[in-house]
Every structure is written in C-alpha cells, then in structure tokens.
Amino acid sequence: MADAANKTVATDADVTAYIAALEPDRRREEAQALLELYQRVTGEPAKMWGPSMIGFGEYHYTYDSGRSGTSMRSGFAPRKGKHSIYLMCSDLEGAAAAQQEALLARLGKHKMEKSCLYVNRLDQIDLGVLEQIIAANVAEMNRLYPPG
C-alpha cells in the first residue's frame, strides 16, 4: 500500500495561521508554547499533518503486512478539551520504558494511552518534564528510524 492510503498526511496548510485561529485565548497561547517547545527540542520546522495535527520531522515505515507510509516523527494537536502529545515510540522496552515511566510520574495531571499523552492544561504539568519526555521520544525515534 502506498502513502496515499494513510488518513493523516502532511499538508501545505500554514501552522501559524492555524494556531492564530484557535479559540479560546488559552488554547491558542498553549498551542504557541507547545510549538516553541517542539521547535527547540526537535530542531525541525512545524508542518500541518491533516487538518489539526502539528508535526515535526517525518519518517518512513513499513509494517510486516507490507503497508507503508510516512508519518511525523513527533508532534501535537491542540484539541478543544485537551492537548494530544504524540509520542511515536509507544512500545518502549527496558531502560527507555523505565525512563518514560519515571518522567510521566513527575509530569503532573495527564492521561497516557498508547502513543498519545493527553494534557488538559499546560499549567497542570511540569513543562521541563514534558520537554524531557519529548526529547527522549525523539531520540528513540532517531535510533529506530535514523534521519536520512
């Protein structure tokens, strides 16, 4: 299967315009803070993936089934009720899993499901810990899918 079969693909939509249109003010301000954090951690420019996901970098994957595609290396979506933080390496093992578990224990109010970390408000979490979580996840992505 080709990339075209994927539901979420990179677009040419303007990230700055997308964030500027977010309501209410808190959601817009928090999305801007996440944008700056991700740019600092990843060193990558932001790109829209689908209509509402903001991604940084990309990687190509192929499943055992033969299905392949391209996805963002890391990213987030400023949803109405909560922010979705995408941790693309969801099946961590060993030291990487222990590190993430320890960081999540220090993060603050959140919910973790598979590769999505949900945060209601940025003032309810430790942004320094979030930065460490994202940096560790990007490092693991780079190990598994070396940038090329």
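The following exercises, each with a worked solution, concern strand pairing, burial and aromatic contacts in a predicted model.

**Exercise 1.** Determine how strand β3 is paired with strands β2 and β4, and in which direction the strands run.

*Solution.* Begin with β2 (residues 53–62): eight bridges join β2 to β3, and these two strands run antiparallel. Within this pairing, isoleucine 54 stands opposite phenylalanine 76 in β3. The connection is a hairpin with five residues between β2 and β3, and glycine 66 in the turn has a positive phi of about 100°. Next, consider the other pairing: four bridges join β3 to β4, again with an antiparallel course. Here proline 78 has histidine 83 in β4 as its bridge partner. β3 and β4 also form a hairpin, with four residues between them.

**Exercise 2.** Establish whether strand β3 is enclosed or open, and whether serine 84 is buried or exposed.

*Solution.* For β3 (residues 68–78), 11 of the 11 residues are buried, so the strand is largely enclosed by the rest of the structure. Serine 84 is found in strand β4 (residues 83–86). Its relative accessible area is 4%; because buried means under 20%, serine 84 is classed as buried. Apart from residues up to four places away in sequence, serine 84 touches Gly75, Phe76, Ala77, Arg79, Leu117 and Tyr118.

**Exercise 3.** Classify the ring pair of phenylalanine 56 and phenylalanine 76, and locate both residues in the chain.

*Solution.* The structure holds six aromatic pairs. One of them is formed by phenylalanine 56 and phenylalanine 76, with 6.4 Å centre to centre and 15° between the planes. Planes under 30 degrees apart count as stacked, and this pair is stacked. The pair links distant parts of the chain, since phenylalanine 56 lies in strand β2 and phenylalanine 76 in strand β3, 20 residues apart. Both rings belong to buried residues: phenylalanine 56 has 1% relative accessibility, and phenylalanine 76 has a relative accessible area of 0%.

**Exercise 4.** Classify the pair of tyrosine 59 and tyrosine 61, and identify the cluster to which these residues belong.

*Solution.* The ring centres of tyrosine 59 and tyrosine 61 are 5.9 Å apart and the planes stand at 50°, so the pair is tilted. Both tyrosine 59 and tyrosine 61 are buried. Ring pairs link Tyr59, Tyr61, Tyr63 and Tyr145 into a cluster.

**Exercise 5.** Identify the ring over which the charged end of lysine 82 sits.

*Solution.* The charged end of lysine 82 sits over the ring of tyrosine 118, at 5.3 Å from the ring centre. Tyrosine 118 is also among the residues that serine 84 touches.

Note on methods:
Residues numbered from 1 in each chain as written. Predicted model: local features only at pLDDT ≥ 70, side-chain atom pairs only at ≥ 80, totals over all residues. Heavy atoms only, no water. Buried < 20%, exposed > 50% of the residue type's maximum accessible area, 1.4 Å probe, protein only. Contact = heavy atoms within 4.5 Å. Pairing = 2+ DSSP bridges. Phe/Tyr/Trp six-rings, centres within 6.5 Å; stacked < 30°, edge-to-face > 60°. Lys NZ or Arg CZ within 6 Å of the ring centre and 35° of its normal.
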